[in-house]
Amino acid sequence: MDISAAKRRIDTVPAPALFVLSGISIYVGAAVAVWLFEASTPAGVAWLRCLGAAVILLAWRRPGRAAWRGRPLLLAGTFGVVTALMNVVYYEAIARLPLGTATAIEFVGPVLVAALGSRTKRDFAALALVVAGVLAIADVQWSGSPAGVAFALAAAAAWAGYIVLGKKVALGGNGIDSLAVGFAVATVVLSPLALGTGGVWAEPDLLLLGIGVGLLSTVVPYGLDQVVLRRVGQARFAVLLALLPVTATLVGLVVLRQVPALTEALGILAVVCGVLLRSRGSDESVREPP
């Protein structure tokens with residue numbers, strides 16, 4: 001298909017619909033990852049996602065020599081490792097918690113960064129709502145899986161680091177080329193995690209699914225996010241972020257048959273309200289792509 005024709009078709013799709021497609025791609029990828037946990041460790045699946053994203057992005061972008069040396073390499077490599085580690089702890093969380101629950105808890109990270117960065121009453125009120133929602137979720141999940149809650153909170157902390165580092169990559173990096181280099185570096189640095197993927201390599205279809213997670217959860221949503229950001233700007237993009245916990249919950253319900261308890265559902269709703277409140281007065285996205 002002609003690339004310009006494909007772009008014109010994408011431009012006819014409303015931005016919120018593209019964002020929902022991005023979220024569906026992310027969490028369908030996460031649901032596929034959950035299926036793979038029977039043949040691999042969660043950390044191993046996260047490494048496969050990193051490998052898949054690296055292979056696809058390198059084949060697509062083919063970064064030049066300048067991207068592989070000096071400060072650009074250091075920035076991209078650090079960003080890639082932090083992002084990969086965020087995926088590792090998130091996958092450890094969804095191995096123990098429902099998809100929507102883990103995603104809602106993870107939002108503590110970006111909302112905390114926003115509150116500390118602006119220090120406005122609106123942002124602290126948003127943070128209070130998110131924390132209240134997470135406490136409600138944790139009250140339901142703690143007795144069943146304290147490790148799952150801990151991993152989800154670790155993912156929240158890693159997401160905060162991802163945002164802070166992502167700004168530096170955005171200023172000193174090379175866009176998608178930096179993402180390609182970063183995931184390539186992370187794949188090598190975190191290669192010991194591949195030891196947990198033994199069952200996947202024995203089944204070509206499972207290996208293909210593992211690589212596909214990188215496509216679904218990294219390459220496709222990143223590309224769609226760039227289209228959405230270009231069309232609606234960062235303020236409206238931040239508002240759309242509130243759809244992510246809902247999307248994750250619905251994907252978990254439909255694909256994995258994960259039905260949230262009432263208290264859990266109210267906690268997720270509180271997180272959504274907190275993200276919406278934080279986003280209304282904001283000119284920045286809490287999901288900072290490089």
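These legends walk through several close-up views of one predicted model. Local features need pLDDT of at least 70, side-chain atom pairs count only at pLDDT 80 or more, and totals for chains, interfaces and linings use all residues. Residues are numbered from 1 along each chain as its sequence is written, and side-chain values use heavy atoms, with hydrogens and water left out.

**View 1. The whole chain is built from helices, with zero strands.** You can find 13 helices in the protein chain; helices (H or I, at least four residues) and strands (E, at least two) are DSSP runs, numbered from the N terminus. Of its 290 residues, 51% are buried, meaning under 20% relative accessible area with a 1.4 Å probe, protein chains only, while exposed means over 50% and partly exposed lies in between. Among contacts (heavy atoms within 4.5 Å) between residues at least 6 apart in sequence, 88% join residues at least 24 apart.

**View 2. Helix H7 covers residues 121–141.** At 1.5 Å a residue, its 21 residues should span 30 Å, and the end C-alpha atoms are indeed 30 Å apart; the expected span is 1.5 Å times one less than the number of residues. The buried residues of H7 include Ala126, Leu127, Val130 and Val134. Its buried residues fall within an arc of 140 degrees seen down the axis, so they line one face of the helix; the arc is that of the directions from the helix axis to the C-beta atoms. Look on the other side of H7 for the exposed Lys121, Leu135 and Asp139.

**View 3. The largest nonpolar core has 81 residues.** Such a core is a set of buried Ala, Val, Leu, Ile, Met, Phe, Trp, Tyr and Cys residues joined through side-chain atoms within 4.5 Å. Tyr27, Tyr90, Tyr91, Ile94 and Leu99 touch the most other members. Helix H4 (residues 70–94) gives the largest share, eleven residues. Beyond its neighbours within four places in sequence, Ile94 is in contact with Ala30, Val34, Phe37, Leu99 and Ala102.

**View 4. Helix H4 meets helix H9 (residues 176–189).** Their axes come within 7 Å and cross at roughly 65 degrees; axes are lines fitted to C-alpha atoms, for helices over the stretch in contact, and angles run from 0 to 180 degrees between N-to-C directions. Among the residues making the contact are Leu73, Gly77 and Phe79 of H4 and Leu179, Gly182 and Phe183 of H9.

**View 5. Leu241 sits in the loop between helix H11 (204–240) and helix H12 (243–256).** This loop residue is buried, with a relative accessible area of 0%. The C-alpha atoms of Leu241 and Phe107 are separated by 9.7 Å, although the two are 134 residues apart along the chain.
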